[in-house]
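Subject: Structure for you to look at

Hi,

Here is the structure I promised to hand over. Please open it and keep it beside this email while you read.

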Amino acid sequence: FTALLAGLIALTQFDLKRVLAYSTISQLGYMFLALGTGLRTGILAAMFHLVTHAFFKALLFLGSGSVMHATGGTVDMRQFGGLRHRMPITHITFLIGSLALAGFPFLAGWWSKDAILAAVWHQTHSAHYGDLYRLLFLLATFTALLTAVYTFRAFFMTFYGPERMPAGAGDHAHESPPSMWVPLAILAIGTCIIGFMHHPLDHMLEQAPGLPELGEHEGEHGMGIMVMSGLVAIVGIGLA
């Protein structure tokens, strides 16, 4: 419910930072959904999503700061647009962060969100709560679609369309200095590679006491969910 409600709120916002803030609440809901499966793989997926989310959401928040720097502190996306020509580095790094948040294949968010969906799907075979988990799986999938839509709504409003600048920015809007774009570049690189660190992270977390035992067939999901989650991201971007 938290993931879905916060995602719906993010879809209505015009403040760039508010979109990202409500998105963060939505992704926390995703993490708790994974914990709520009670599975070993669900707990590991929740922690993994916390780690991947740290990379791409930090990238997006710092990217919004770079946009504010260029637009005289403005965060209302209705007052600016078409910034990709003036801010090419911010544009590319924000695109990487947006793709990761949307769950685009092979970027950070795709790996961890796929692990969460797989844990929920595993519980749909539960004798007592299968119907509940089927509903949760459908809501989680819809929320993933919603995430792609609101993320790229913000991205396109900011960097595409006719070039617009708020009065406070004047004609001086330009790319941020290296002290701002170098961290963006570092986080963008991390966003591209952190998803491949799933197994080392699992190995570290599995040493924690109190983790439930690995259930029969747990974690065995084929390409189906991976392909489905990637298609959901692509459809959401298209809708945006």
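**The second largest pocket**

The lining of the second largest pocket has nine nonpolar residues, three polar ones and no charged ones. Keep in mind that this is a predicted model. The pocket holds about 170 Å³ of space. Which residues line the second largest pocket? They are Phe-1, Thr-2, Ala-3, Leu-4, Gly-29, Tyr-30, Phe-32, Leu-33, Leu-136, Leu-139, Ala-140 and Thr-143. Three helices each supply at least two residues of this lining: H1 (2-10), H2 (16-36) and H6.

**Helix H6**

Now follow H6 itself. The helix covers residues 130-159. H6 has 30 residues and reaches 43 Å from its first C-alpha to its last. The expected value, at 1.5 Å a residue, is 44 Å, so the two are close. After H6 comes Gly-161, with a positive phi near 85 degrees.

Find Ala-154 in H6. Is Ala-154 buried or exposed? Ala-154 counts as buried because its relative accessibility is 3%, and the cut-off for buried is under 20%. Ala-154 is in contact with Leu-16, Val-19 and Met-77, leaving aside neighbours within four places in sequence. Look at Lys-17 too. Ala-154 and Lys-17 are 137 residues apart in sequence, yet their C-alpha atoms are 9.8 Å apart in space.

**The nonpolar cores**

The largest nonpolar core has 29 residues. Which of them touch the most other members? They are Leu-16, Val-67, Met-77, Leu-83, Phe-94, Phe-152 and Phe-159. The elements that give two or more residues to this core are H2, helix H3 (40-70), helix H4 (88-102) and H6. H6 gives the most, with seven residues.

Take a closer look at Leu-83. Leaving aside neighbours within four places in sequence, Leu-83 is in contact with Val-67, Thr-71, Thr-158, Phe-159, Arg-164 and Met-165.

There is also a second, separate core of 18 residues. Its members include Met-31, Ile-116, Tyr-133 and Val-232.

**Trp-110, Ser-229 and a loop**

Next, go to Trp-110, found in helix H5. Trp-110 is buried because its relative accessible area is 6%. Which residues is Trp-110 in contact with, leaving aside its neighbours within four places in sequence? The answer is Ala-100, Gly-103, Phe-104, Pro-105, Met-226, Ser-229 and Gly-230. Thr-52 is 58 residues from Trp-110 along the chain, and the C-alpha atoms of the two are separated by 9.4 Å.

Ser-229 is the other side of one of those contacts. Look for Ser-229 in helix H9, residues 223-239. Ser-229 is buried too, because its relative accessible area is 10%. Not counting residues up to four places away in sequence, Ser-229 touches Gly-103, Trp-110, Asp-114 and Leu-117. Gly-103 is thus on the list for Ser-229 and on the list for Trp-110.

One last stop is Phe-106. Where is Phe-106? Phe-106 lies in the loop between H4 and helix H5 (108-123). Its phi is positive, about 75 degrees, although Phe-106 is not a glycine. Most residues other than glycine have a negative phi.

Best wishes

Terms used
Residues are numbered from 1 along each chain as its sequence is written. This is a predicted model: local features need pLDDT of at least 70, side-chain atom pairs count only at pLDDT 80 or more; totals for chains, interfaces and linings use all residues. Side-chain values use heavy atoms; hydrogens and water are left out. Helices (H or I, at least four residues) and strands (E, at least two) are DSSP runs, numbered from the N terminus. Buried means under 20% relative accessible area, exposed over 50%, partly exposed in between (1.4 Å probe, protein chains only). Contact means heavy atoms within 4.5 Å. On a 1 Å grid over the protein atoms alone, a cavity is a set of points where a 1.4 Å probe fits but cannot get out, and a pocket is an open set with protein on both sides within 12 Å along at least five of seven lines; lining residues have an atom within 4 Å of a point. Grid points are joined across faces, edges and corners, and a volume is the space filled by probe spheres set on the points. Ala, Val, Leu, Ile, Met, Phe, Trp, Tyr, Cys and Pro count as nonpolar, Asp, Glu, Lys and Arg as charged, and the others, Gly among them, as polar. A nonpolar core is a set of buried Ala, Val, Leu, Ile, Met, Phe, Trp, Tyr and Cys residues joined through side-chain atoms within 4.5 Å.
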